[in-house]
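Q: Please take a close look at one part of this model, the open sheet with parallel pairing, and then at what surrounds it.

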Amino acid sequence: MVESLQQPATGPADSGEIERFDAIIIGAGVTGLYSLYRMRELGFTVQAFDDGGGVGGTWYWNRYPGCRFDSESYSYGYSFSEELLQEWDWKEHYSAQPENERYLNYVADKFDLRKHIRLNSRVTGATFDEEANCWEVRLEDGHRARGQFLITSVGILSSGYVPDFEGIHDFKGPWCHTGKWPAEGMDLAGKRVGVIGTGASGVQLITEIAKEVGHLTVFQRTANYCAPLRNGPIDDQTQQEIKSSYPDIFKKCMETPGSFMHQFDPRSAMSVSKEERHALYEELWQEGGFKKWLSNFYDVMLPGEANEDYAEFVRNKIRERVHDPVVAEKLVPKDHMFGSKRLPCESGYYEVYNQDNVLLVDVREAPIERITPKGVKTIEAEYELDVIIYATGFDAVTGSLAKLDIKGIGGKTLKDKFAGGPRTYMGVSSAGFPNLFTINAASVGNFVRAAEPLVDWVSEAMAHVRDHGHSRITATVEAEDAWVQHVNEDGAKVLRTQANSWFVGANIPGKARVLLTAPDTAPVMRAKRNAVSANGYEGFILE
Ligand code: N01
């Protein structure tokens with residue numbers, strides 16, 4: 001496997017002494033950077049540890065070709081600084097990884113956050129000291145630090161998953177996972193490349209590398225509903241319009257279920273004629289990004305007749321673009337509802353399969369048997385390859401937390417506690433783990449829009465603890481049980497629990513199948529948290 005992102009550790013030299021802070025943050029990605037900023041503003045001493053060689057989290061590690069936003073760039077930036085909003089020019093409507101990484105570096109510099117960040121520092125464990133009421137964090141290099149609060153800003157999709165294929169290490173050529181793409185890149189020009197996985201990462205990667213590889217073999221287990229991203233550069237006039245309308249953009253985002261800029265049409269798809277319905281489908285199809293479904297009839301994103309009607313519309317769009325009808329039918333999803341898995345956006349994905357040097361292998365029909373020294377062997381054939389790329393996803397939400405070896409009261413581990421699925425109160429606190437805030441477990445949607453209010457709420461809860469002279473805050477068992485029951489019962493009704501995907505842990509063999517995030521919309525989650533704090537942190541014990 002290619003592993004080259006690691007650079008020497010930066011930060012204070014390890015003197016063997018235990019450093020002390022008010023709060024320790026694990027992760028210097030989108031959420032970690034804002035946590036640092038916000039908590040420091042509230043007067044806390046803070047330190048972030050990140051195992052990456054740079055800041056950016058997801059936007060540091062996922063540097064595979066084609067990686068970019070599929071929410072509008074200007075809806076994804078931080079909103080907390082008007083100066084930042086006016087200074088930063090997003091170059092494209094759906095910005096690519098290099099620019100996103102630059103943006104997060106710019107934020108780290110502008111707000112002087114780097115002095116609180118220790119890079120190349122993998123946290124290997126954290127234990128709650130019950131007498132001192134603080135967390136002790138251990139790093140791979142032996143370094144230790146203590147803080148009253150521990151904040152896991154480790155991202156929901158950061159623990160890469162490579163299937164345990166027999167013979168995986170026998171392969172003679174280079175191979176890597178999309179989420180750990182080497183900084184110096186992979187030499188794919190003219191090579192025979194195999195890509196396993198066709199989720200959002202695979203779709204972006206395949207489209208981009210098909211332009212340079214010698215031959216591409218795509219191993220697909222499940223076809224996805226992909227739709228055109230319609231990216232483009234932002235011209236000067238649009239740039240000015242964006243900058244003058246940020247309050248409006250963010251207000252819109254705060255009102256929608258997933259914190260995106262788009263609001264559903266309040267009509268039911270089936271309440272209008274087929275002509276009218278399809279006229280809106282077609283009109284939205286020409287628009288960028290998620291607008292195609294998030295500005296659509298509201299019931300397109302609910303299980304039922306409208307959902308299937310729109311699914312067939314998308315299937316036909318796929319059929320129109322792929323020349324070979326047999327290949328087209330393989331690319332048409334038929335085994336899950338539209339929107340029940342994450343919907344990838346693409347920029348020429350289906351046309352890739354019209355290239356003579358591209359082969360689609362259906363590994364549901366003929367599963368992968370093993371990896372061989374020469375390539376990939378399915379039960380039907382062996383495919384000889386120079387490079388293998390695993391676009392096989394992530395052990396979402398709980399995967400990264402489990403790796404941290406977090407020990408709470410009585411030495412109990414978070415990993416064991418979460419073995420049957422996350423047991424939290426509102427995704428942020430878990431009984432028996434005082435002063436730990438798991439702020440990676442936000443609702444899904446536009447990540448920055450969801451993360452900012454969540455970090456604000458957690459930071460204010462920490463200030464409340466400090467200002468009232470408490471030493472601990474932790475969820476009660478009752479509040480946690482009620483939350484888990486809510487996630488299970490109401491989660492069963494939402495579209496994203498209707499298919500097997502990372503949303504429910506079903507992509508990882510042996511992982512419990514439960515909704516890993518809140519079933520609530522973003523406005524409902526914010527209202528719930530605000531009601532909890534307004535009621536004196538109802539559901540928490542303050543000691
Ligand atoms: O991962 P995935 P991803 N044999 O889990 C296949 C975000 N994201 O990295 O569907 C063969 O979606 C698996 O097949 P199946 C976004 O939230 C955002 O692509 O399980 N195949 C699937 O095709 C997204 O949802 C952007 O049958 C195997 C693929 O691997 C999330 O990250 C861009 C297999 C994994 O798809 C994860 O996306 C990229 C096996 N044993 C990602 N195991 C943006 O645009 C797995 N697969 C912002």
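What is the order of the five strands in the open sheet with parallel pairing?

A: The model is predicted: local features need pLDDT of at least 70, side-chain atom pairs count only at pLDDT 80 or more, and totals for chains, interfaces and linings use all residues. Residues are numbered from 1 along each chain as its sequence is written, and side-chain values use heavy atoms, with hydrogens and water left out.

The order is E7-E16-E8-E9-E12, and the pairing is parallel. Strands (E, at least two residues) and helices (H or I, at least four) are DSSP runs, numbered from the N terminus. Two strands pair if DSSP finds at least two bridges between them. The edges are E7 (175-177) and E12 (358-362); each has a single partner strand, so one side of each lacks a neighbour in the sheet. On average, neighbouring strands here are turned by 15 degrees against each other, direction ignored. Axes are lines fitted to C-alpha atoms, for helices over the stretch in contact, and angles run from 0 to 180 degrees between N-to-C directions.

Now the pair E8 and E9. Strand E8 spans residues 192-196, strand E9 residues 215-220, and five bridges join them in the parallel sense. Valine 193 has leucine 216 in E9 as its bridge partner. Helix H6 packs on this sheet. It touches E8, E9 and strand E16 (387-390), where contact means heavy atoms within 4.5 Å. The direction of H6 makes about 165 degrees with that of E8.

H6 (residues 200-209) also leads to the ligand. It gives three residues to the shell, the largest share. There are 25 residues around the ligand, and Ser201, Thr222, Lys341, Arg342 and Trp502 come nearest; a residue is near if one of its heavy atoms lies within 4 Å. By class, the shell has eleven nonpolar, eight polar and six charged residues. Here Ala, Val, Leu, Ile, Met, Phe, Trp, Tyr, Cys and Pro count as nonpolar, Asp, Glu, Lys and Arg as charged, and the others, Gly among them, as polar.

Polar contacts are pairs of N or O atoms within 3.5 Å; within protein, one must be able to donate a hydrogen and the other to accept it, and residues adjacent in sequence count only if both atoms are side-chain atoms. A ligand oxygen is 2.4 Å from a side-chain N or O atom of threonine 222. For lysine 341, the distance from a ligand oxygen to a side-chain N or O atom is 2.8 Å. The protein covers 87% of the 920 Å² of accessible area that the ligand has on its own.

Note on methods:
Accessible areas come from the Shrake-Rupley method with a 1.4 Å probe; for residues, only the protein chains shown count as cover.
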